[in-house]
Amino acid sequence: MSYYTFEDFYKNTVELSFTDHPYSLTPKHVWVICRFKGQWLLTEHPRRGIEFPGGKVEKGESAEKAAVREVFEETGATVDALTYLAQYRVKGKGGTIIKNVYFATIEKIKIKAHYYETNGPILMKQLPESLKDNDKFSFMMKDEVLQRSMEYIFKNKILQL
Ligand code: GTP
């Protein structure tokens, strides 16, 4: 199965599909599951908490470029290879957002004095089993997008342990 519907942490409806850009060819948001030398690379957002890096696509920018840029701005990491995984659509109170999900392998991490909108990189050998009740983690990590994306990554051997 490649299509899922569920509620997010805030009870907004999410549609997630592991097909090629099902909801928009020009999504305005990106999210990047990053891997560096046997660890997950995340970032700490000052309000939301720990999450994989991502953000908004700028005017005139491609989603792929935005993914690479956001990873660098939020963690100091340089993307080596970027793989498109899925796209999801969230229908919230304030409107609908469409986000591409990517998997990235990281070449190197540069320690920076300042990180754009975050407190910088976080490396983790393993993500905790259950994130739902964990205050340290962002709401973005608490719905099926993460779980299904991880399943997809391993099932399709995008990452082999
Ligand atoms: P700024 O980044 O400061 O502009 O904040 P914003 O909250 O307006 O940003 P954005 O347009 O990214 O998100 C609008 C709303 O969409 C958020 O408040 C969330 O409810 C929802 N949203 C954004 N990204 C995600 C996501 O990855 N997953 C889920 N489930 N909801 C999201």
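**K108.** I began with the accessibility of K108 and noted it as partly exposed, because its relative accessibility is 45%. That value belongs in the partly exposed class because buried requires under 20% and exposed requires over 50%. The model is a predicted one, and I read every value here as computed from it. I then looked up where K108 sits: it is in strand β8, residues 95–109. For contacts I left aside the neighbours within four places in sequence, and found F36, G76, A77 and T78. I also checked K108 against N12, which is 96 residues away along the chain; their C-alpha atoms are separated by 36 Å.

**Ligand.** N12 led me to the ligand, since I wanted the residues around it. I listed D8, N12, H29, K56, Y88, V90, I97, K99, F139, M140 and D143. I looked next at polar side-chain atoms. One on D8 lies 2.8 Å from a nitrogen atom of the ligand. One on Y88 lies 2.6 Å from a ligand oxygen, and one on K99 lies 2.7 Å from an oxygen atom of the ligand. Taken alone the ligand exposes 620 Å², and the protein buries 56% of that. I asked which pocket holds the ligand, and found that it sits in the largest pocket. Two elements give two or more residues to the shell around the ligand: β7 (77–92) and β8. K108 is also placed in β8, but K108 is not in my list of residues around the ligand.

**K56.** I took K56 from the ligand list and looked it up separately. K56 is in strand β6, residues 54–56. I recorded K56 as exposed, because its relative accessibility is 56%. Outside the four places on either side in sequence, K56 is in contact with K28, H29, E61, A66, R69 and E70. Of these contacts, H29 is also among the residues around the ligand. I looked at E70 in more detail: K56 and E70 are 14 residues apart in sequence, and their C-alpha atoms are 8.2 Å apart in space.

**S24.** Is S24 buried or exposed? I entered S24 as buried, because its relative accessibility is 15%, and the cut-off for buried is under 20%. S24 is found in the loop between β2 (13–17) and β3 (29–36). A polar atom of the S24 side chain lies 3.0 Å from the backbone nitrogen of T26. Leaving aside neighbours within four places in sequence, I found S24 in contact with Q87 and I98.

**Positive phi.** I then looked up two residues for their backbone angles. K11 has a positive phi of about 70° although K11 is not a glycine. K11 is placed in the loop between β1 (3–7) and β2. I noted K11 as exposed, because its relative accessibility is 61%. E117 has a positive phi too, about 65°, and is likewise not a glycine. E117 lies in the loop between β8 and β9 (121–124). I entered E117 as exposed, because its relative accessible area is 51% and the exposed class begins over 50%.

Key: Residues are numbered from 1 along each chain as its sequence is written. This is a predicted model: local features need pLDDT of at least 70, side-chain atom pairs count only at pLDDT 80 or more; totals for chains, interfaces and linings use all residues. Side-chain values use heavy atoms; hydrogens and water are left out. Helices (H or I, at least four residues) and strands (E, at least two) are DSSP runs, numbered from the N terminus. Buried means under 20% relative accessible area, exposed over 50%, partly exposed in between (1.4 Å probe, protein chains only). Contact means heavy atoms within 4.5 Å. A residue is near a molecule or strand if one of its heavy atoms lies within 4 Å of it. A polar contact is a pair of N or O atoms within 3.5 Å; within protein, one must be able to donate a hydrogen and the other to accept it, and residues adjacent in sequence count only if both atoms are side-chain atoms. Accessible areas come from the Shrake-Rupley method with a 1.4 Å probe; for residues, only the protein chains shown count as cover. On a 1 Å grid over the protein atoms alone, a cavity is a set of points where a 1.4 Å probe fits but cannot get out, and a pocket is an open set with protein on both sides within 12 Å along at least five of seven lines; lining residues have an atom within 4 Å of a point. A molecule sits in a cavity or pocket if more than half of its atoms lie within 2 Å of its grid points.
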